[in-house]
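Thanks for coming. I'll take a few minutes on one model, starting with its charged pairs and then going through the fold around them.

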Amino acid sequence: MTHVDPEALAHHELERVYIAGTLAEAKAVEELLTGNGVDYVVQVEPYRASILFGPRNGAAFYVADSQAEFCREQLVAAGFHRGLLEE
């Protein structure tokens, strides 16, 4: 299981579970999801890191909705809180 093209998960409803603000953070999230056997889609999307700064681009991680809660639990357990997105 790994990073896949959006078409590979076209038959699933997707949920955005995390947005990484740095390349290092994105790579760590990829390792976590891959290590847990999760297929995921990554897209570059704008987000606001804070009130003081304008929008930045981050790596948004999408998974099948049936795996979203599991992925969130794994992300929290691994210490990824900042970019965690709830339903």
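**Salt bridges and the fold around them**

The count of salt bridges comes to 2, where a salt bridge is a side-chain nitrogen of Lys or Arg within 4 Å of a carboxyl oxygen of Asp or Glu. Before the details: this is a predicted model, where local features need pLDDT of at least 70, side-chain atom pairs count only at pLDDT 80 or more, and totals for chains, interfaces and linings use all residues. Residues are numbered from 1 along each chain as its sequence is written, and side-chain values use heavy atoms, with hydrogens and water left out.

One pair is Arg72 with Glu15, whose closest N and O atoms are 2.9 Å apart. Arg72 sits in helix H2 and Glu15 in strand S1, 57 residues apart, so to speak of distant parts of the chain being linked is fair. Helices (H or I, at least four residues) and strands (E, at least two) are DSSP runs, numbered from the N terminus. Both Arg72 and Glu15 are buried; buried means under 20% relative accessible area, exposed over 50%, and partly exposed in between, with a 1.4 Å probe and protein chains only.

The other pair is Arg16 with Glu45, at 2.7 Å from N to O. Arg16 is in strand S1 and Glu45 in strand S2, so this pair ties together parts 29 residues apart in sequence. Arg16 counts as partly exposed, at 33% relative accessibility, while Glu45, at 13%, counts as buried.

Now the sheet. Three strands form an open sheet in the order S1-S3-S2, with antiparallel pairing; two strands pair if DSSP finds at least two bridges between them. S1 and S2 are at the edges with a single partner strand each, so one side of each has no neighbour in the sheet. S2 and S3 pair over 9 bridges and form a hairpin with 6 residues between them. Glu45, from the second salt bridge, has Gly58 in S3 as its bridge partner. S1 and S3 are joined by 6 bridges.

Last, helix H1, residues 23-35. Which of its residues are buried? They are Glu25, Ala26, Val29, Leu32 and Leu33. Seen down the axis, these fall within an arc of 125°, taken from the directions from the helix axis to the C-beta atoms, so they line one face. They pack against S1, S2, S3 and H2, contact meaning heavy atoms within 4.5 Å. The face turned away carries the exposed residues Leu23, Ala24, Glu31 and Gly35. Just after H1, Gly37 takes a positive phi of about 70°.

Definitions and conventions. The expected span of a helix is 1.5 Å times one less than its number of residues.
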